[in-house]
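Q: I have a structure open and want to learn how to read it. Can we go through it feature by feature?

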Amino acid sequence: MRRPVFAANWKMHHGPSDARAFLRSFLAHYARRPDRQLLFFPPAISLTTVIDSLKERQDIRVGVQNIHWEDKGAFTGELSAPMARDAGATMALVGHSERRHVFGETDEETASKVAAAVRAGLTPMLCVGEKLEERERGETELVVLRQLRAGIAKVEPHAIGTMMLAYEPVWAIGTGKTATPADASAIHAVIRRELKAILGEKATGIPICYGGSVNRGNAQTLLEASDVDGLLVGGASLDAEGWSSIVRT
Ligand code: PGA
């Protein structure tokens, strides 16, 4: 059975007090449903609060928004995959466009982070997506495939089979502009084709989420698009009532 993924990326929002209040309200609105996969990516400082608030809800997974590629060491301000795992996270976002374009993360670093997540037993959700100028130059596929190939280059095929992917066109993130379901579908199909070339039919089981200005109004049509297996949502995941209505889509 296809179980769509609904992933909330809180970015730098919801410290521990807000996170606790959010989940109290959200859980009152959202009963366990076996036909969906729910994920939260809170800021690292709120990770244990979120995990604690969800301890009766094993149906909901929690991950970190970023990890370092080393397991430990002199890296002030950083967070490693084994530490995230130890704190109860089971997932890690890797290569989010804000990491790539605001913090200058390279494809090579993204690949090392995917490998670190896999080593620690975290499921990586690798994010890929083109910038507006790349789209306008007709380079969308090129960029997405480059990021995808680079991102999975340091893990074995069996590990790739356990990952999640997210296609997030940079021009659609936080801008109110969304890719049309047809645009999203076309790029998801490119990603799926590439994964199939590596993994064969196993690639059909890899969830590919769409992200970029998803909201209550467009969630359903995006989810109905072929090869769109879930949604990675920033702004519209910050309000408990709004998010609970999206996850009931
Ligand atoms: P947005 O962010 O939903 O606010 O556009 C999505 C993301 O960056 O993951």
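Q: Which strands does α11 lie across?
A: This is a predicted model. In it, α11 lies across β1, β2 and β8. Its direction makes about 160 degrees with that of β1.

Q: Is α11 enclosed or not, and why?
A: Count its buried residues. Buried means under 20% relative accessible area. In α11, 6 of the 8 residues are buried, so the helix is largely enclosed by the rest of the structure. Those residues are A240, G242, W243, S244, I246 and V247.

Q: What covers the buried residues of α11?
A: The cover includes the strands β1, β2 and β8 and the helices α1 and α10.

Q: How do α1 and α11 cross?
A: Look at the two axes. They come within 9 Å and cross at roughly 35 degrees. The crossing is right-handed. On the α1 side, the contact uses F22, S25, F26 and H29. On the α11 side, it uses A240, E241, W243, S244 and V247.

Q: Why can residues three or four places apart point the same way in a helix?
A: An α-helix has 3.6 residues a turn, so residues with that spacing point the same way.

Q: Which classes of residue make the contact of α1 with α11?
A: There are 5 nonpolar, 3 polar and 1 charged residues.

Q: Now the sheet. How do strands pair in general?
A: Strands of a sheet pair through backbone hydrogen bonds, either parallel or antiparallel.

Q: Which pairing is found here, and how many strands take part?
A: The pairing is parallel, and 8 strands close into a barrel. The order is β1-β2-β3-β4-β5-β6-β7-β8. On average, neighbouring strands are turned by 25 degrees against each other, direction ignored.

Q: Where does β2 find its bridges?
A: Take each partner in turn. With β1, β2 shares 5 bridges, and V5 stands opposite Q37. With β3, β2 shares 3 bridges, and the bridge partner of L39 is R61.

Q: Which helices link these strands into units?
A: Follow the chain. β1, α1 and β2 make a right-handed β-α-β unit. β2, α2 and β3 make a right-handed β-α-β unit too.

Q: Which way do the residues of β2 point?
A: Q37, L39 and F41 point one way, while L38 and F40 point the other way. All are buried. With 5 of the 5 residues buried, the strand is therefore largely enclosed by the rest of the structure.

Q: How do β7 and β8 pair?
A: They pair in the parallel sense over 3 bridges. Y210 stands opposite L231 in β8.

Definitions and conventions. Residues are numbered from 1 along each chain as its sequence is written. This is a predicted model: local features need pLDDT of at least 70, side-chain atom pairs count only at pLDDT 80 or more; totals for chains, interfaces and linings use all residues. Side-chain values use heavy atoms; hydrogens and water are left out. Buried means under 20% relative accessible area, exposed over 50%, partly exposed in between (1.4 Å probe, protein chains only). Helices (H or I, at least four residues) and strands (E, at least two) are DSSP runs, numbered from the N terminus. Two strands pair if DSSP finds at least two bridges between them. A crossover is right-handed if, with the strands pointing away from the viewer, the path from the first strand over the helix to the second runs clockwise. Axes are lines fitted to C-alpha atoms, for helices over the stretch in contact, and angles run from 0 to 180 degrees between N-to-C directions. A crossing is left-handed if the near helix is turned anticlockwise from the far one by less than a right angle, and right-handed if clockwise. Contact means heavy atoms within 4.5 Å. Ala, Val, Leu, Ile, Met, Phe, Trp, Tyr, Cys and Pro count as nonpolar, Asp, Glu, Lys and Arg as charged, and the others, Gly among them, as polar.
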